[in-house]
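Biologist: Hello! Could you walk me through this model in small steps?

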Amino acid sequence: MSRHHEKTSYILKEISEYPTQEGTIRVGDFVKMLGDRGFCLAILIFSLPNSLPVPGIPGFSTITGIPIIFIGLQMALGKKALWLPPRIANKRFSQAAIGKLLVKALPTVIRLERLLKPRLLFITAPLGERLLGVFFVILACIIALPIPGGNFLPGLSMSLLALGMLERDGAFLLFAMSFSIASVMVMIEVITLFFKAMFKLFSKLF
């Protein structure tokens, strides 16, 4: 299903209003709804919980980070379609939960869309998409680490990168890549300080 002509906000709104039975949606059906924009749309949806001011849930960043690593690796390898193992594709999640999240994110996505337009298209070419996959893997690995507050910067970075690729805006992608590199540098410092603090704590205990 080709969805390249549709605005990202329109697809997100459609997903948030998707009628389901028993209040759940199968992951495989969810991916089909994303059509040929499945990679970046899936990453945008998984990264949004980490880039929005929503109440923290223990382990939630790890739960969302691992699927992004899986998707990013497929992008980096140049896969044309998003593949999910049957065990993952058959899992179900709450339609109400994803709907609330998307409704909360939609105003920001719509505002950003007004600034985005197709330009510098060579950056959004297949080679650029593969490079983006590497970015996603690095950022998702950081999100998956159990570091308090360590999910916001990489989560926001991935949301910006995904939106830029979805709207084929190479200029915005350059900005998002610069922001992502800065985020990684900041997070390296945070991770270093975190593990130093943990090492000192354990050395005092034992």
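Biologist: In which element is confidence highest?

Modeller: This is a predicted model, where local features need pLDDT of at least 70, side-chain atom pairs count only at pLDDT 80 or more, and totals for chains, interfaces and linings use all residues. Residues are numbered from 1 along each chain as its sequence is written, and side-chain values use heavy atoms, leaving out hydrogens and water. Confidence here is pLDDT, the predictor's score for each residue from 0 to 100, while helices (H or I, at least four residues) and strands (E, at least two) are DSSP runs numbered from the N terminus. The lowest mean, 69, belongs to strand 2 (residues 92-94), and the highest, 90, to helix 8 (residues 152-166).

Biologist: What kind of aromatic pair do Phe-175 and Phe-179 form?

Modeller: Rings of Phe, Tyr and Trp (its six-membered ring) pair if their centres lie within 6.5 Å; planes under 30 degrees apart are stacked, over 60 edge-to-face, and the rest tilted. By this rule the count is three aromatic pairs. For Phe-175 and Phe-179, the centres are 6.4 Å apart and the planes meet at 35°, so the pair is tilted.

Biologist: How many helical turns, about, separate Phe-175 and Phe-179?

Modeller: Both sit in helix 9 (residues 170-205). Because they are four residues apart there, the separation is about one helical turn.

Biologist: Is Phe-175 buried, exposed or partly exposed?

Modeller: Buried means under 20% relative accessible area, exposed over 50%, and partly exposed in between (1.4 Å probe, protein chains only). Phe-175 has 46% relative accessibility, so it counts as partly exposed.
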